[in-house]
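The following exercises ask the reader to work from a chain as a whole down to single helices and strands. Each task is followed by a solution in steps.

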Amino acid sequence: MIKLEAVSEVYPDGTEAVKEVSFEVEKGELCVLLGPSGCGKTTTMKMINRLIPITRGKIYVDGVDNTEIDEDELRRNIGYAIQDIGLFPHMTVGQNIETVPALKGWPKDKRRQRAQELLKLIGLKPEEFVDKYPSELSGGQCQRVGVARALGADPPILLMDEPFGAIDPITRVRLQDEFLRIQQEIQKTIMFVTHDIYEAIKMGDKIALMHQGQLVQYDTPANLLYRPKNEFVENFVGADRALKGLQLLRVKDVMTSSPPAVRADDETQTAEKQMKREGTAYLVVVNDERQFLGWVERANLRAGRMVRDIMHSSTATATANTVLSEALSLMLSSGLKTLAIVDRANELEGIVSFDAIQKALGDATLRSRAE
Amino acid sequence: MRRHAILASLLVILIALTVWITSMDKIGVYDVFSWRDLLSCTWAHFKMVFIAELIAVSVGVPLGILVTRPGFKKLATPVLGGANVGQTIPSLAIIAIMAPLLGFGLRSAVVALFIYGLLPVLRNAYAGINNINPAIVEAAKGMGMTRGEIARKVELPLALPVIMAGIRVSTIITVGTAELAVLVGGAGLGRITLTGVFAREALLILQGAAPTAAMAIILGFILERIEKRMTPRGLQFQI
């Protein structure tokens with residue numbers, strides 16, 4: 001879908017920002033351009049939509065040499081989202097999202113409809129947000145609208161330059177998860193620039209690691225971690241690769257589905273019997289709709305008559321798609337050894353124990369992912 | 001709002017003062033200017049300001065925008081510097097210089113006022129475009145807007161409030177400076193003020209100065225309203 005052939009960028013002052021870079025991104029793949037600042041990753045990305053002219057080499061977009069297409073036409077068919085977002089402050093959220101459709105001359109009702117769809121996709125209520133101005137939104141909401149705007153005219157390709165870079169860590173993780181969910185739905189070919197190796201491992205189908213203008217390794221995240229091509233890659237990946245490897249695994253890979261649970265309205269005796277039967281020291285507590293409420297421990301069983309009276313309420317939960325490193329950090333911060341896994345309606349889906357994560361930490365599981 | 005209340009009361013005082021002085025018969029040995037004279041001077045004053053400002057806007061705004069365009073950026077420093085010099089020279093000197101150059105009359109006065117009023121218009125047009133967050137322009141370009149579309153749909157609407165503020169400031173300055181036009185044979189309220197100065201009669205000076213100040217306040221107020229109108233709604237929340 002995107003093919004770079006010996007692409008070089010030489011600035012007017014003679015510095016070679018990008019040297020003979022060649023690689024290919026398949027349709028529907030998310031390729032992360034990773035590297036320290038100044039390595040040429042943003043330059044490489046901007047040559048694809050010709051915001052920076054190519055000095056030597058060729059870039060093919062969907063099989064066509066991108067210098068043979070009118071540059072504005074080219075850009076209208078490639079979504080573009082940047083770290084500073086650059087929402088138009090004088091336009092409403094809806095008008096912002098409709099920018100490219102408007103440039104392409106879509107009829108008004110089709111544009112409106114598209115904006116509504118996209119707002120729904122990024123999890124903002126259309127009726128509430130479509131007529132708001134960017135100055136009325138939070139940073140995370142602006143970032144989402146920026147992504148929606150890039151998707152405006154449903155382009156097959158998206159270029160994203162550190163789109164979650166300027167956001168606080170908690171919101172960033174949420175936006176990354178949301179974006180991965182969206183990507184599963186829309187299946188775009190994406191070029192994603194970041195300097196954050198955790199983000200790269202989490203988001204990328206492939207990672208193109210760059211250094212001093214050169215492409216060092218183009219590989220899957222697992223191969224980059226466990227089969228580094230040279231010393232630079234090894235050092236860039238760092239010593240804590242096992243920890244970073246946790247970014248590759250998701251809760252659903254290690255969780256125990258349909259765990260034993262009691263209802264808050266059950267008597268403690270019921271809980272005790274169940275614990276004996278299952279041979280565990282704790283149980284998940286749910287309500288009648290199977291929504292997660294908290295935990296009950298064997299040690300506390302005598303303290304009350306109903307489960308409700310003795311349970312520890314908790315809101316620390318993860319979803320099946322949470323990456324293991326985030327699940328682990330949630331455990332550490334909430335002081336729990338087991339994490340409840342819930343779906344979007346907070347209904348219990350399973351549990352993940354610390355032991356399960358520890359087992360996954362063993363290189364074996366991860367190594368098997370590298371070919 | 002407080003500022004508006006102060007300006008409004010000042011305006012009432014200034015107009016009352018003008019009416020009071022004009023309805024007197026004599027100040028000392030001097031006749032006061034008649035209603036007729038006062039109105040014709042006010043009208044002449046306004047006309048002079050209007051023409052000078054019209055030229056300043058039609059030169060300053062396009063020129064200020066032009067020097068933000070790639071390819072013309074190098075001109076920004078000399079152009080803004082030149083306009084700066086125009087305003088650094090005392091207004092009296094500029095007006096006085098015009099007489100030997102262009103002869104006595106309305107023309108010299110208007111040219112002098114134009115030179116003096118150009119800087120705020122030019123500077124704000126330049127700053128209005130130049131201070132737009134570069135990310136906004138980059139996003140526009142990255143989405144495939146042509147250069148013309150970026151200028152029309154993004155840069156101009158965002159710069160408009162700043163440009164309008166420049167026009168307002170320039171107009172207010174020009175109303176004051178136009179008092180001096182009488183020295184090079186222009187008309188305007190300066191005629192009354194200057195007569196008062198020569199006659200050493202404070203009230204006569206005020207008969208010219210008070211309506212001038214009132215005119216500055218009124219024009220400033222009108223232009224401020226237009227400015228607010230032209231500010232896109234999305235930008236109003238930030239203020």
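Two residues are in contact if their C-beta atoms, placed from the backbone, lie within 7 Å. The model examined here is predicted.

**Exercise 1. Describe the overall make-up of chain B.**

Solution.
Step 1. Count the elements: chain B contains 10 helices and 2 strands.
Step 2. Read their order from the N terminus, which is α-β-β-α-α-α-α-α-α-α-α-α.
Step 3. Consider the extent: the C-alpha trace spans about 75 × 45 × 25 Å along its principal axes.
Step 4. Consider burial: of the 239 residues in chain B, 42% are buried.
Step 5. Consider the contacts between residues at least 6 apart in the sequence of chain B: 76% of them join residues at least 24 apart.

**Exercise 2. Determine which residues of H1(B) are buried and which on the other side are exposed.**

Solution.
Step 1. Establish the helix: H1 of chain B covers residues 2-22, 21 residues in total, and reaches 30 Å from its first C-alpha to its last, close to the 30 Å expected at 1.5 Å a residue.
Step 2. Apply the cut-off for burial, which is 20 or more other C-beta atoms within 10 Å of the residue's own. In H1(B), the residues B:Leu14, B:Thr18 and B:Ile21 are buried.
Step 3. Locate them around the axis: they cover an arc of only 75 degrees, which puts them on the same side of H1(B).
Step 4. Recall the general geometry: an α-helix has 3.6 residues a turn, so residues three or four places apart point the same way.
Step 5. Turn to the other side of H1(B), where B:Arg2, B:His4, B:Ala5, B:Ala8, B:Ser9, B:Val12 and B:Ala16 are exposed.
Step 6. Identify a covering element: helix H9 (202-230) of chain B is included in what covers the buried residues of H1(B).

**Exercise 3. Which residues form the contact between chains A and B, by number and by class?**

Solution.
Step 1. Count both sides: 22 residues come from chain A and 20 residues from chain B.
Step 2. Assign the chain A side to elements: helix H2 (71-76), strand E6 (78-82) and helix H4 (99-103) each give two or more residues.
Step 3. Find the main contributor on that side, which is H2(A) with 4 residues.
Step 4. Sort the chain A side by class: 11 residues are nonpolar, 5 polar and 6 charged.

**Exercise 4. Analyse the sheet of chain A that has the order E12-E13-E14-E15.**

Solution.
Step 1. Characterise the sheet: it is open, has 4 strands, and its pairing is mixed.
Step 2. Find the edges: strands E12 (261-263) and E15 (312-313) of chain A each have a single partner strand, so one side of each is left without a neighbour in the sheet.
Step 3. Examine one pair: E13 (residues 282-286) and E14 (residues 292-297) of chain A run antiparallel and are joined by 5 bridges.
Step 4. Name an opposed pair of residues: A:Val284 stands opposite A:Trp295 in E14(A).

**Exercise 5. Describe the buried face of H16(A) and its surroundings.**

Solution.
Step 1. List the buried residues of helix H16 (residues 324-334) of chain A: A:Leu324, A:Ser325, A:Ala327 and A:Leu328.
Step 2. Look down the axis of H16(A): these buried residues fall within an arc of 160 degrees, so they line one face of the helix.
Step 3. Note that A:Ser329 and A:Ser333 are exposed on the other side of H16(A).
Step 4. Name packing partners of the buried residues, among them helix H12 (241-245), strand E17 (338-342) and helix H17 (354-361) of chain A.
Step 5. Follow the chain just beyond H16(A), where A:Gly335 takes a positive phi of about 70 degrees.

Methods
Residues numbered from 1 in each chain as written. Chains lettered and ligands numbered in written order. Predicted model: local features only at pLDDT ≥ 70, side-chain atom pairs only at ≥ 80, totals over all residues. Nonpolar A, V, L, I, M, F, W, Y, C, P; charged D, E, K, R; others polar. Expected span 1.5 Å × (residues − 1). Buried ≥ 20, exposed ≤ 12 C-beta atoms within 10 Å, placed from the backbone. Arc of directions from axis to C-beta. Pairing = 2+ DSSP bridges.
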